[in-house]
Amino acid sequence: MTTKKVYLEWDESFNCGVEIVDWQHRRLVDLLNLLGDAIVQGRSAGVLGEIFGEMYHYAGYHFKTEEKLMQDHDYPDYEAHKEIHVLFTHDLIKLLKRDAKGEAEMDRTLFRFITEWLLKHTFGETDSADRRMGRFMNECGVR
Ligand SMILES: [Fe+2]
Ligand SMILES: [Fe+2]
């Protein structure tokens, strides 16, 4: 029997306190683990491309959710937070293009880039941008 390896294990401490956002963050972590697995198992470029595509689209959808929440509640750091999403998307597209051209080791580079970004922007630091947003939303009564 093969056990699936988990690359980034969901931890309750990752929660920022807003249900829809936390739910979407879990989905991003699931996709990341799927990606890690596909890379290690040497899946085809087609399979990896599918997962990268899903990751890209889901991240975009997730950012829209957060941005709408921030706008609806006049979040004071809205512009700065949105800019972080824009920069991530920009960098992700650049890396995906290099990957599509067949540049060596790009799958792993992408995996690392996404993991590190998620840890920094979302989970890793007690004062991450998503956590700050979550605290503000909780103060507005959003759970
Ligand atoms: Fe987020
Ligand atoms: Fe965010």
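Here is a short tour of this predicted model, from the whole chain down to one histidine.

**Start with everything shown.** Color the protein chain by secondary structure and you'll find five helices and zero strands. Going along the sequence, the pattern reads α-α-α-α-α. The radius of gyration is 16 Å, close to the 15 Å that the globule rule gives for 143 residues, so the chain is as compact as a globular protein of that length. Turn the C-alpha trace around: along its principal axes the spans are about 45 × 35 × 20 Å. Of the 143 residues, 17% count as buried.

**Next, select residues 19-40 and 45-72.** These are helices α1 and α2, whose axes come within 10 Å and cross at roughly 165°. An angle over 145 degrees counts as roughly antiparallel, so that's how α1 lies relative to α2. The crossing is left-handed.

**Now show side chains between those two.** On the α1 side, the contact includes Ile20, Leu28, Leu31 and Ile39. Facing them from α2, look for residues including Val47, Ile51, Tyr58 and His62. What classes of residue make up this contact? There are 14 nonpolar, three polar and three charged residues.

**Keep His62 selected and add His85.** His62 belongs to the α2 side of the contact you just saw, while His85 is found in helix α3, residues 78-100. Draw a distance between their C-alpha atoms: the separation is 9.8 Å, with the two histidines 23 residues apart along the chain.

**Finish on His85.** Is His85 buried, exposed or in between? With 18 other C-beta atoms within 10 Å, His85 is partly exposed, because being buried takes 20 or more.

Definitions and conventions:
Residues numbered from 1 in each chain as written. Chains lettered and ligands numbered in written order. Predicted model: local features only at pLDDT ≥ 70, side-chain atom pairs only at ≥ 80, totals over all residues. Helix = DSSP H or I, 4+ residues; strand = E, 2+ residues; numbered from the N terminus. Buried ≥ 20, exposed ≤ 12 C-beta atoms within 10 Å, placed from the backbone. Rg over C-alpha atoms; globule rule 2.2 N^0.38 Å. Axes fitted to C-alpha atoms, helices over the stretch in contact; angles between N-to-C directions. Parallel < 35°, antiparallel > 145°, perpendicular 65-115°, else oblique. Left-handed = near helix turned anticlockwise from the far one by under 90°. Contact = placed C-beta atoms within 7 Å. Nonpolar A, V, L, I, M, F, W, Y, C, P; charged D, E, K, R; others polar.
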